[in-house]
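Q: I would like a formal, close reading of one part of this protein, set in the context of the chain as a whole. Please begin with the overall picture and then concentrate on the part I name.
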Amino acid sequence: MHQRLKVPTMALSRVVLTSGRSVDLTGLHLSATYANVLEGYPCKPLNDHAIAGLLRSAERFHPGAPVHLIPPPREYPDQFAGAFGPVEVLPAVTCVGSFRSEALDPGHDRALYRSRLTVVWFQPTSCIPAGYDAETELLDMDWERLAADEEL
């Protein structure tokens, strides 16, 4: 009788979504939101361009995985508006995370399938989300609608 070798999942952390589903964070890239801004100021056109670039990068680095953006909160400090409009500030830390969980389709063999989703979000600190401790919008993700099953 042959026995399947079960390889343990080595996750950075496990996050428990509001729905009760546990998802494993298997990869995480953190960066300072405005680290690459050489001149100018944070404004809507700059932020929108940066977010679009993040989404393209996430799709390239995680081919085949759906990519979801959690829309970031935008703050408008009382500062002089420049040529590109008012100052608009995003949270300090940009996050791109790879998440995995059990298969969505109950008909899929649990040993052969899993669901996955790449998520782009912003947060004020560099803390790694774990358990129930994460940005509310991350915990409220509709995994069943956003993720996709893949065969291992």
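What percentage of the 152 residues in the protein chain do buried residues make up? With that settled, please look closely at strand β5 (residues 113–123): where does the place of Ser115 lie in terms of cover, buried or exposed, and which residues is Ser115 in contact with beyond its neighbours within four places in sequence?

A: The model is a predicted one, and in it buried residues make up 35% of the 152 residues in the protein chain. The chain exposes about 9,700 Å² of surface, and carbon and sulfur atoms supply 56% of that area. Taken along the principal axes, the C-alpha atoms fill a box of roughly 75 × 30 × 25 Å. The secondary structure amounts to three helices and six strands, which follow one another from the N terminus in the order β-β-α-β-β-β-α-α-β. Of the contacts with a separation of 6 or more, 70% join residues that are 24 or more positions apart.

Strand β5 covers residues 113–123, and Ser115 is placed in it. With a relative accessibility of 0%, Ser115 counts as buried, because the limit for that class is under 20%. Once its neighbours within four places in sequence are set aside, Ser115 is in contact with Arg21, with Phe99, Arg100, Ser101, Glu102, Ala103 and Leu104, and further along the chain with Trp143, Ala147, Ala148 and Asp149. Of these partners, Phe99 belongs to strand β4, which spans residues 93–102.

Phe99 also takes part in the one aromatic pair that a search of the whole structure finds. Its partner is Trp121; the ring centres are 6.0 Å apart and the planes stand at 45°, so the pair is tilted. This angle is neither under 30 degrees, as stacking would require, nor over 60, as an edge-to-face arrangement would require. The pair links distant parts of the chain, for Phe99 is in strand β4, Trp121 is in strand β5, and 22 residues separate them. Both Phe99 and Trp121 are buried. Phe99 is thus named twice in this account, as a contact of Ser115 and as the ring that pairs with Trp121.

Further residues of β5 appear among the contacts of two neighbours in sequence, Pro66 and Val67. Pro66 is found in the loop between α1 and β3, and Val67 lies in strand β3, whose residues are 67–69. Both are partly exposed: Pro66 has a relative accessible area of 22%, and Val67 stands at 24% relative accessibility. Not counting residues up to four places away in sequence, Pro66 touches Arg116, Leu117 and Thr118, together with Leu146, Ala147 and Ala148. Val67, under a corresponding exclusion of its neighbours, is in contact with Leu117, Thr118 and Val120, and also with Leu55, Ala58 and Glu59. Ala147 and Ala148, which Pro66 touches, are likewise contacts of Ser115.

Distances between C-alpha atoms add to this description. Pro66 and Leu146 are 80 residues apart in sequence but 7.1 Å apart in space. Val67 and Tyr132, at 65 residues apart along the chain, are separated by 22 Å. For Ser115 and Asn36, which are 79 residues apart along the chain, the separation is 33 Å.

Asn36 leads to another part of the model, the second largest pocket, since Asn36 is among the residues nearest its centre. About 300 Å³ of space lies in that pocket. Its lining has 16 residues, and those nearest the centre are Ala32, Thr33, Tyr34, Asn36 and Ala50. The elements that give two or more residues to this lining are β2 (22–32) and α1 (44–61); α1 provides the largest share, six residues. By type, the lining divides into nine nonpolar, seven polar and no charged residues.

The loop between β2 and α1 contains Glu39. In contrast to the buried Ser115, Glu39 is exposed, with a relative accessible area of 72%. Glu39 lies 31 Å from Ser98, C-alpha to C-alpha, with their positions 59 residues apart in sequence.

Key
Residues are numbered from 1 along each chain as its sequence is written. This is a predicted model: local features need pLDDT of at least 70, side-chain atom pairs count only at pLDDT 80 or more; totals for chains, interfaces and linings use all residues. Side-chain values use heavy atoms; hydrogens and water are left out. Rings of Phe, Tyr and Trp (its six-membered ring) pair if their centres lie within 6.5 Å; planes under 30 degrees apart count as stacked, over 60 as edge-to-face and the rest as tilted. Helices (H or I, at least four residues) and strands (E, at least two) are DSSP runs, numbered from the N terminus. Buried means under 20% relative accessible area, exposed over 50%, partly exposed in between (1.4 Å probe, protein chains only). On a 1 Å grid over the protein atoms alone, a cavity is a set of points where a 1.4 Å probe fits but cannot get out, and a pocket is an open set with protein on both sides within 12 Å along at least five of seven lines; lining residues have an atom within 4 Å of a point. Grid points are joined across faces, edges and corners, and a volume is the space filled by probe spheres set on the points. Ala, Val, Leu, Ile, Met, Phe, Trp, Tyr, Cys and Pro count as nonpolar, Asp, Glu, Lys and Arg as charged, and the others, Gly among them, as polar. Contact means heavy atoms within 4.5 Å. Accessible areas come from the Shrake-Rupley method with a 1.4 Å probe; for residues, only the protein chains shown count as cover.
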